[in-house]
Structure formats: C-alpha cells, structure tokens
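Colleague: I am new to this structure and would like a close look at one loop. Please start there, then place that loop in the wider picture.

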Amino acid sequence: MTGWNTETAAGPLGAGTITLVEGSSFCISGPNGDIHPDLPQGVFHLDTRILSRWQLRINDQPLEPLAAELKEPYRALFACRVPRPDGYADSPLLVERMREVGAGILEEITVRNYSRQAARCTITLTAEADFADLFEVKEARITRVWKETRRVENDSLEIRGQWEGFRKSVIIRGEGAGAGSKALGFRVTIPAFGQWNTRVSVLPAAEGKPFSHPSRGELSPSDRRRQEWVAKIPVLQIGNRSIQRTLRRSYEDLGALRIQDPDHPERVVVAAGAPWFMTLFGRDSLWASEMALPVDPSLALGTLRTLADRQGKEVNTDTEEEPGKILHEVRLDVSSGQALRGSSAYYGSVDATPLFMVAVGSVSRWGFAKDTIAELLPNADRALDWIRHYGDRDGDGYVEYGRPNQHGLINQGWKDSWDGINFADGTLAEAPIALAEVQAYVHGAYVARAWMAYDDGDLALASELRERADRLKQKFNEDFWMPDKGYYAVALDKDKRQVDACASNMGHCLWFGLMDEDKVPSVVEHLMSPKMFSGWGVRTLATDMAAYNPASYHNGSVWPHDNAIIMSGLLRYGYIEEAQRIGTALLEAAEYSDGRLPELFCGFDRARFTEPVPYPTACSPQAWAATTPIHVVTSLMRYDTHISLGGIWLDPVLPPDFGDVHISNAPMGDARITIDASGTDATVRGIPEGLTVYRGQRPWMSELVEQPQLWRPDTLHRPGDAANRGDAPA
C-alpha cells in the first residue's frame with residue numbers, strides 16, 4: 001500500500017510555484033505557467049495527473065517569467081516575455097497566459113508585439129500525460145509506465161494510456177492550432193503594435209466522452225459556482241483592511257475547496273487542502289466544517305452525511321476499517337484502489353470518530369430540522385460503539401491507536417508524522433498510544449450525545465453518557481497530569497507511561513473542558529511562555545524539548561488551526577488577553593502571505609525573524625487553515641447559537657485594532673441576520689421569531705448535561721445575563 005505512511009516527504013515543487021485549485025482538480029506550475037515532469041507539478045483530476053508536461057515555446061525560446069497573479073483560487077494570470085535571439089535585454093514580444101482550472105484547464109494565450117515591425121512567430125505547446133497517481137508524483141517515485149497511444153485530429157491531440165486493464169485519456173485542443181503527435185502548433189504573424197490570441201483546453205475523457213469548457217463570453221462553471229457561494233455566505237466589512245483581506249481570502253479558498261460527494265452531487269463537503277489533499281478527510285474536513293459553521297452550516301451537514309455513508313462496517317486490516325469507525329481519507333487513484341483491495345477509503349485515524357460525534361452535536365445547535373439530525377443519530381451511536389469496543393483497546397477507558405499493518409500511518413492523531421509523538425528527551429513513544437487531545441474529543445462526543453439524548457427525552461442514555469464523561473475527566477486528570485512539570489502529558493504510551501513532552505496537544509483539552517479548573521492557570525502559563533509562543537502562534541513543541549526543530553512538520557512548527565482551537569479554549573476559561581494575542585498573531589502572520597494562512601509555518605521566534613518563515617511543503621490553500629481566520633473573528637466576537645434553546649450568544653472581546661465589524665447575510669436557522677460589533681459592543685438585526693440574543697458565552701454542552709433543567713428556553717435567563725428580543729443591542 002502506498003501513501004499513508006508519511007515517513008516519505010513530499011518533493012520540492014520548484015521556485016515560484018503557482019497552485020490553482022477548484023473542487024477535486026488542481027494545477028501546479030512554474031512561475032511562467034509551464035509544467036515540468038521532473039518536478040511534482042501537473043494538472044490533476046480525481047487524484048490522477050492528466051497533464052505532466054505543458055511547455056509554451058515561441059520561436060523555440062522558453063518564456064521568461066515577469067509576474068504571476070492569482071485572480072481567484074482557480075484562476076491565475078501569468079506575464080512573460082520572449083527572450084531576444086540577439087542577446088539584447090528588452091524584448092518586444094510579451095505573453096499573457098490566463099489559466100483557469102476546472103475538470104482540466106482552460107488557458108487563454110495572448111502574445112503582444114510592441115515593435116514597429118510585424119513579428120513572425122512559431123508557437124508550440126508541448127504536452128505529455130503520464131497518468132501517474134497523486135502519491136507517485138508527490139513522493140517522486142513514479143514506477144508505473146502506461147502504454148501510450150496518441151490520436152491527432154485537426155486542432156486536437158488525444159493522449160490515451162493503458163495499464164493492467166485501466167484506461168485513461170486526455171484531450172488537448174487549441175483554437176486555430178495544427179495538432180501534431182507531440183504538440184499543438186501555431187504559425188502566426190503579429191502586426192506591429194498588434195496582438196494574437198487563442199484558447200487552449202486540456203480535459204480528461206470520462207467513459208470516452210470529454211468534459212467541455214464554455215464558449216467565449218460564457219460564464220465558466222467555476223465562476224458560476226463562486227457566484228452561488230458568494231450569494232449564500234455572510235458579507236463582512238471590517239475597519240482593519242488587512243483583516244478584511246484575510247477573511248475575503250478565507251472565503252475564496254473555502255469556496256474553492258468545496259467538493260461534491262460523487263454518489264450524492266447535492267451534498268457539498270470540504271476537501272482537506274492543496275496540492276496533495278484535494279479529497280475528503282475525516283479529521284480535516286470535520287474541523288474545517290466546525291470552524292465554518294457561522295459561514296455555511298450546510299458544509300458540516302454535507303460532510304457528516306458523506307462520512308456517515310462511508311462509516312466502517314467490517315474489520316479490514318488493509319484499510320484499517322472497523323465497525324463504526326470514521327474514515328481518515330478517500331483516494332480515487334489506481335494504485336490506492338489496488339492496495340486497498342478495491343476500496344477507496346483508508347481508516348487510519350483515531351480522532352475522526354469522536355470528532356464526527358462532536359460535529360453532529362454542533363450541527364444540531366445550528367437549526368437543522370429534527371428529522372435531519374435524527375438521520376445521523378444511528379451513525380453517532382455506531383461511533384459510540386467503536387469507541388467502546390475498538391477505540392478503547394485494553395479497557396482502560398482511553399481511546400488509543402496502533403496500526404495493524406506496516407503500511408499505515410505510524411501516528412494516527414492530527415500530528416501524524418512518524419516522529420510526531422515523543423518524550424521530553426526525544427525518545428519516540430511506542431504504540432498503543434493514547435493522545436491527550438483525543439480523550440478531550442471523546443469527552444466532547446459523550447457530552448454532545450448526552451445532551452441530544454436529553455433533548456429527545458432519553459434520560460437513561462443521557463445519564464449513562466454523562467457518567468461516562470465524568471469518569472473520563474476524573475481519570476484523565478489523574479493519569480495525564482504531571483504535577484512536577486505543571487502541564488499534561490501529550491500521551492500515554494504502550495506501558496501507560498506519561499509521554500512528558502510539553503506540546504500544544506493539551507491546548508485542545510481547554511476547548512472541551514476536560515481540565516480541572518485548578519490546573520488551567522499552569523497550562524496557560526506554559527502555552528503562552530516564550531518556549532511555546534513564538535510571537536506568531538503557539539508552537540507544536542516547546543523549544544527546550546529534545547525533539548524541538550522549528551523547521552519540522554510537528555515538532556516546533558506553528559499550525560494555524562491548532563492555535564484557533566487553543567484560542568477558543570482560552571476564551572472558555574476566561575483568558576481573554578491571551579486569546580487576543582493568539583488571534584492577532586495569526587491574522588498578522590497572514591499579512592505576509594497575501595492574506596492566506598498556510599497549513600503551517602516554521603516556529604522561529606518573531607524577535608529573530610520579522611516575518612513568518614514558510615514551511616517548504618505546506619499545503620496552501622488548506623481547509624482548516626482557511627477557516628482559521630473565520631474562527632478567530634467569530635470566537636473573539638463570542639458569537640454562537642443553540643437554536644433548540646432559543647438563543648443567539650454574542651459578547652465580543654475584539655481587540656481595538658480590529659475596528660468596526662459589520663456582518664450581513666449571516667445564516668441563522670431559516671433566516672439571515674445582520675451583526676454590528678466593535679470592541680465589547682454589539683447589535684443584532686433581523687432576529688428570527690422565537691430566538692433571543694444573550695450577552696455572555698453560549699452554554700457548553702457539558703454545562704447542559706450537568707444541569708439541563710436550568711437551560712430550557714423558558715428558564716434560560718441566568719442572573720447577570722442581558723437578554724433581548726427583536727432588533728436590539730446584545
């Protein structure tokens with residue numbers, strides 16, 4: 001089996017790489033728009049590289065890059081010039097390539113002649129398609145050679161590949177081109193101060209029929225999809241223009257990362273990230289959907305339904321499937337299907353299953369119909385059964401992991417690199433491993449399902465799950481807490497020893513309320529210390545740990561989503577200033593990458609490097625990084641809802657440099673509301689009938705489970721709460 005064991009790193013993409021993404025397709029090219037087969041570049045569709053070489057030559061000269069600008073996540077404009085054959089610096093021939101990615105690519109090529117003389121040009125586009133699967137390209141280990149045939153017809157070239165009974169093909173067509181067996185060619189004369197242009201398309205053929213691109217002047221499918229997305233999501237206006245740019249980029253990236261469930265086209269889910277993870281992931285897609293709830297709750301519902309359809313049904317050591325387990329990722333390429341014996345799903349994740357239950361609880365708060373949530377409850381209960389019978393391998397009350405075959409992931413939490421879980425002295429922890437944050441997710445799963453049971457009148461199940469959550473919390477604080485160090489172990493290893501590294505994992509436990517109150521101050525002190533907080537965010541590992549490396553994937557880097565979760569946990573326990581520091585740092589970091597937060601960046605101290613140091617192979621755009629700015633702003637607004645309780649909660653703690661925040665078209669049940677916030681003040685307009693705006697923090701599921709009678713809609717007014725109905729200040 002290939003791909004999941006991440007001991008093998010992705011190869012370098014090349015300097016100035018441009019990545020375009022739309023749904024389950026993406027394109028990686030050099031800064032002049034060319035695609036080089038000796039680098040992990042290409043046009044990819046459904047995990048297959050359908051274009052491995054794409055080189056534009058004019059008069060046998062490669063193009064010199066001048067600029068490359070992203071217009072949308074799926075469209076870029078390349079500006080280049082044609083080198084002069086006589087060696088002079090300035091060239092009169094400039095080239096623009098406007099490229100859009102969809103099922104394949106559509107490229108408009110314009111050559112402008114800034115000379116007083118006409119220019120005769122021979123223009124060639126060389127194309128190759130190796131049909132390599134994504135993992136082969138990513139890890140630079142292409143071993144399969146497809147038997148290739150080519151068919152030329154007028155202005156088009158079709159490349160067909162065959163390998164062990166599998167067949168694929170791609171069609172390349174150019175307006176006005178003369179097609180050859182290796183390239184499309186054009187012979188043109190460009191008048192003085194004139195221009196020439198053409199459109200070229202590259203499209204895979206599905207069951208012998210190619211996809212199609214729109215005619216000139218028509219709106220492309222990507223543009224139509226973007227328009228529909230923009231119409232349904234909130235409109236944000238923020239006084240701080242840099243933050244507004246970052247949020248706009250987050251919206252654009254999240255929109256481009258939406259993919260359809262192939263079995264249910266009406267369902268939209270969130271792909272994990274580009275370039276290598278343009279598919280459904282359990283953990284990543286659930287976290288991204290959770291953080292995007294205030295923007296589009298339907299993303300979470302679509303993700304849950306799609307994961308529910310693929311929930312584990314049997315024990316399969318090849319795929320690591322188990323009854324009730326939620327998948328790690330879906331892959332559609334040829335070699336993955338062979339390795340998984342015909343399956344497209346790999347299940348090597350310890351945290352996706354409890355996070356699925358947490359997300360069901362979150363979706364239930366956002367106003368979906370009772371029958372919609374009821375459809376997911378059997379899947380939630382099967383996930384509970386997995387926790388009990390498979391997740392807790394030895395009956396000690398903790399969910400842990402250990403891979404059943406040598407090809408799967410060594411570590412199966414969110415820090416899934418081979419060396420991601422280690423002791424303070426750098427020794428690697430050995431499986432089975434019980435991660436701190438996974439126990440927090442399990443606790444969150446118990447209380448979410450307990451509240452839904454209570455809400456449905458199933459008091460016996462609610463009581464059972466509440467007691468199970470209480471036992472887990474007590475046991476966790478006994479077994480993971482290290483009083484001599486003042487923080488929680490990152491994990492327990494196979495011998496139940498505390499893995500004593502100071503790591504960011506414990507910060508996730510804050511959000512889920514798993515920590516004893518008396519231990520929280522010490523944890524916060526460690527998280528915000530110079531050893532952990534780089535100035536751009538909390539590091540994954542403290543600088544005084546033996547495994548620390550600021551340029552590692554999980555041992556000292558800074559991950560935006562990790563920090564967003566920690567920030568919410570700090571707010572839960574009232575650490576407002578610390579939460580503001582993290583939120584501000586993340587938004588400032590985005591300024592140095594055109595408003596887009598990458599998957600991660602290096603953990604160098606801000607006092608040493610005045611800009612965030614990029615991690616060489618970080619995904620960008622990436623789903624939970626794209627949703628991080630959204631989560632930062634909504635968390636600092638302390639904006640949330642629980643519609644079955646009849647409440648909207650809004651109690652902002654926005655830093656002064658945010659300026660005024662105006663949000664319109666925000667989804668709230670079946671309605672749309674408008675929010676204005678500044679500092680600690682806020683007003684809401686358009687509140688749906690039956691909902692009340694409350695000042696303060698939304699009651700956590702654990703609070704609801706402990707004292708549900710206090711939180712019924714008719715008794716929701718707690719002492720000190722400012723409750724308002726209608727169009728009124730919150």
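Modeller: Pro621 sits in the loop between α14 and α15. Helices here are DSSP runs of H or I with at least four residues, strands are runs of E with at least two, and both are numbered from the N terminus. The model is predicted, so local features need pLDDT of at least 70 and side-chain atom pairs count only at pLDDT 80 or more, while totals for chains, interfaces and linings use all residues. Residues are numbered from 1 along each chain as its sequence is written, and side-chain values use heavy atoms, with hydrogens and water left out.

Look at the backbone just before Pro621. The peptide bond from Ser620 to Pro621 is cis, and its omega is near 0°.

Ser620 also has a partner in a strand. Thr19 touches Ser620 (contact means heavy atoms within 4.5 Å). Thr19 belongs to strand β1, residues 18–22. Its other contacts, leaving out residues up to four places away in sequence, are Cys27, Ile28, Leu70, Pro73, Ala274 and Pro275. Is Thr19 buried or exposed? Thr19 counts as buried, because its relative accessibility is 13%. The scale is simple: buried is under 20% relative accessible area, exposed is over 50%, and partly exposed is in between, with a 1.4 Å probe and protein chains only.

Now move to Arg608. Arg608 is also in the loop between α14 and α15. Arg608 is exposed, because its relative accessible area is 66%. A long span can be read from here: the C-alpha atoms of Arg608 and Ile387 are separated by 45 Å, and the two residues are 221 apart along the chain.

Asp605 gives the loop a charged link. The side chains of Asp605 and Arg539 form a salt bridge, at 3.7 Å from N to O. This pair joins distant parts of the chain, 66 residues apart. Asp605 is in the loop between α14 (576–590) and α15 (623–626), and Arg539 is in the loop between α12 (520–527) and α13 (560–572). A salt bridge here is a side-chain nitrogen of Lys or Arg within 4 Å of a carboxyl oxygen of Asp or Glu. The two partners are covered to unlike degrees: Asp605 is partly exposed at 29% relative accessibility, whereas Arg539 is buried at 2%.

That bridge has company, as the structure holds 48 salt bridges. One of them pairs Lys519 with Asp518, again at 3.7 Å from N to O. Lys519 is buried, with a relative accessible area of 11%. Asp518 is exposed, with 61%. Another joins Asp676 and Arg685, whose closest N and O atoms are 2.9 Å apart. Both ends of this one are partly exposed: Asp676 at 24% and Arg685 at 39%. Salt bridges also link Asp34, Arg57, Arg97, Arg99 and Glu107 in a network.

A few backbone features elsewhere are worth a visit. The peptide bond from Ala431 to Pro432 is cis too, with omega near 5°. Pro432 lies in the loop between α8 (370–391) and β25 (434–435). Glu320 is not a glycine, yet its phi is positive, about 65°. Glu320 is in the loop between α5 (297–309) and β23 (329–330), and at 3% relative accessibility it is buried. Lys496 also has a positive phi, near 65°. Lys496 sits in the loop between β28 (491–492) and β29 (498–499), and at 35% it is partly exposed.

Last, step back to the chain. Its secondary structure comes to 17 helices and 37 strands. The C-alpha trace spans about 80 × 55 × 55 Å along its principal axes. The radius of gyration is 27 Å, which agrees with the value near 27 Å for a compact globule of 730 residues. That radius is taken over C-alpha atoms, and the globule rule is 2.2 Å times the number of residues to the power 0.38. Buried residues make up 61% of the 730. Among contacts with a separation of 6 or more, 64% are between residues 24 or more positions apart.
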